[in-house]
Amino acid sequence: MIPLLFGITMISFGMMHLAPGEPSVVGQEFNPKVSSQDIERLRSYYGLDQPLYVQYWHWLKKLAVLDFGQSFSADGRAVLDKIAERIPVTLWINVLAMLLIIAIAIPIGVASAVRRDSWFDKGMTLFVFVGFAIPSFWLGLLLMIGLGVNLNWLPISGLHDYSWHQMGFWQQQQDMLKHLIMPVFISAIGGLAGMSRFMRSGMLDVIRADYITTARAMGVSERDIHYRLALKNALLPIITLLGLSIPGLIGGSVIVEQLFSLPGMGQLFYESVLSRDYPLVMGITVIGAVLTLLGNLVADLSYAWADPRIRHGNRS
Amino acid sequence: MIGILRQHPLILVGGSIVASVALLALLAPWIAPYDPTDIDVSVILMPPSWQHWCGTDTLGRDVFSRMLFGARVSLAVGFVAVGISMLVGLVLGAVAGYFGGRIDALLMRATDMVLCFPTFFLILAVIAFLEPSIWNIMIVIGLTSWMGVARLVRAEFLSLSGREFVLAAQSLGVAPVRMMWRYLLPNAMGPILVSAILGVAGAVLVESGLSFLGLGVQPPNPSWGNILTDGKDNIQIAWWLSVYPGMAILTTVLGYNLLGEGLRDYFDPKLRS
């Protein structure tokens, strides 16, 4: 854990500082009103005149007490505050997307495996391949045209309606939910395809196992074989896969939030990258990686909890 | 050959799509009815017609011609990026798998570390800082997608390194580099090829995502992604600008994925049934 965290900070820092060019607050060479002394002063104010390892050390020391520094942007606010106000939207969308993936992909995968080579299975395989290949933002655009602009069923951008403040509490929840439907679906589409495919092949693997053959020979009904005996074992690897899908979801939030104009961490990252706001970019990268790390940890722990072979094996 | 194709229809379907797209890209200068960068203000944003099969864009350029030339750019990004990621992944994975022990532990920890990052964040940040030229895009996509290959090659080499023919060659004093190149690599070629083909599909998708954010291949060079970006800005008045390039990306990526899946089945007899 700790060396991993250390490595993460090193990559985040290195990536930022080895690239040529400087943040836009400093890059004013072409501005006649800014003298070279001013630029020097700005550079020393932000600590950019010091050698890289010194800058890294300073950043790391502050990071250890959860101080991510100040943003380079005009408001100069603390990086952590800026991230904190944007992160709930991103987390909500990704958590909902993950729940959607679990709720849809697992039944689809199981049904495909049980009815292998049926029309349902073939149709789902086609859906999976298309889901893998479709550029998510393109699908998002098509949905925006179809459901948003032409049919006017769903709002196409933002989190709230203009009349948000006049609404009652339940109306507000309903409004927010409507705004989240398309973003959540678009975030989920890739994972949906991948997970149902994975579930299908996992289920097929388990069905071929010896204990299933034994159960069948003993006359257990097909229903019980599939849903009581096979399903549990086939579900185990899904836990790991969910953990592995976190970086993809977080990375994808840049595109989804940009597409639907949602004020989340992805959008903040995009803005900070364009304005070369070093502390903010590094802060978000580190937090993204730490979220992934935590996700994997939770996945590992729940795997150990869910798998009796590991759960009981450790006690002896 | 025909027998293989009959047994693995995915290879046939995917292979045909891949081959036709590659052919269209190669022959673009001869097929394209117009110059892809030719601006003609008299036909701005024309819907598809007999003169312009896929309509025209905001500068009156022929979308069909731009898509043909865009295919070259998108595929070039895909292939070079995969070439880079294969090279890095092969070297790291081979060294880790062959030597094992401490080197292996060190390299795999490093791989795990890079896997923790939302890759798209890394790509975005580096591209934005380096200027989004086509070469930078290829390099950055390549350098952020080698982890899967490294793990794969390592696992293959580890499982091969205990086999008799490897021990025999080692006892004859074959040098490590020759050992890996001549004896181990050919035996691991199947899965590597599959992951390279799937990698091309992934890289094409990433480039289109970057273009969507305005950080992909820059105009006037056409790429499917940046035609689509144009489409996004004119979505309410010119559907053809978003629909056609999107279909092109979808079809191409689908083709590579199908080919990859087909080859995976072919190389892995365990999955055959």
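In this predicted model, 37 residues of chain A are in contact with 33 residues of chain B. Contact means that two C-beta atoms, placed from the backbone, lie within 7 Å.

**The interface, seen from chain A**

Six elements of chain A give two or more residues each to the side that touches chain B: α1 (2-18), α5 (119-133), α6 (136-150), α10, α11 (265-274) and α12. Helices (H or I, at least four residues) and strands (E, at least two) are DSSP runs, numbered from the N terminus. The largest share of this side, seven residues, comes from α10(A). By type, the side of chain A that touches chain B holds 28 nonpolar residues, eight polar and one charged. Here Ala, Val, Leu, Ile, Met, Phe, Trp, Tyr, Cys and Pro count as nonpolar, Asp, Glu, Lys and Arg as charged, and the others, Gly among them, as polar.

**Two helices**

The expected span of a helix is 1.5 Å times one less than its number of residues.

| Helix | Residues | Expected span | End C-alpha distance |
|---|---|---|---|
| α6(B) | 119-130 (12 residues) | 16 Å | 16 Å |
| α9(A) | 222-244 (23 residues) | 33 Å | 32 Å |

For α6(B), the two values agree. This helix is mostly covered, with 11 of its 12 residues buried. A residue is buried if 20 or more other C-beta atoms lie within 10 Å of its own, exposed if 12 or fewer, and partly exposed in between; C-beta atoms are placed from the backbone. Among the buried residues of α6(B) are B:F120, B:F121, B:L122 and B:I123. B:E131 follows α6(B), and its phi is positive, near 75 degrees.

For α9(A), expected and actual spans also agree. Yet α9(A) has a kink of about 50 degrees, centred on A:L231. The bend at a residue is the angle between axes fitted to the seven residues ending there and the seven starting there. The buried residues of α9(A) are A:A230, A:A234, A:I238, A:L242 and A:G243. They pack against α4 (79-114), α7 (169-207), α8 (210-217), α10 (246-259) and α12 (278-306) of chain A.

**A loop residue in chain B**

B:A32 sits in the loop between α3 (28-31) and α4 (63-99) of chain B. B:A32 counts as partly exposed because it has 17 C-beta neighbours inside 10 Å. Leaving aside neighbours within four places in sequence, B:A32 is in contact with B:S65, B:L68 and B:F69. B:A32 and B:F69 are 37 residues apart in sequence, and their C-alpha atoms are 8.1 Å apart.

**Conventions**

Residues are numbered from 1 along each chain as its sequence is written, and chains are lettered from A and ligands numbered from 1 in the order in which they are written. In this predicted model, local features need pLDDT of at least 70, side-chain atom pairs count only at pLDDT 80 or more, and totals for chains, interfaces and linings use all residues.
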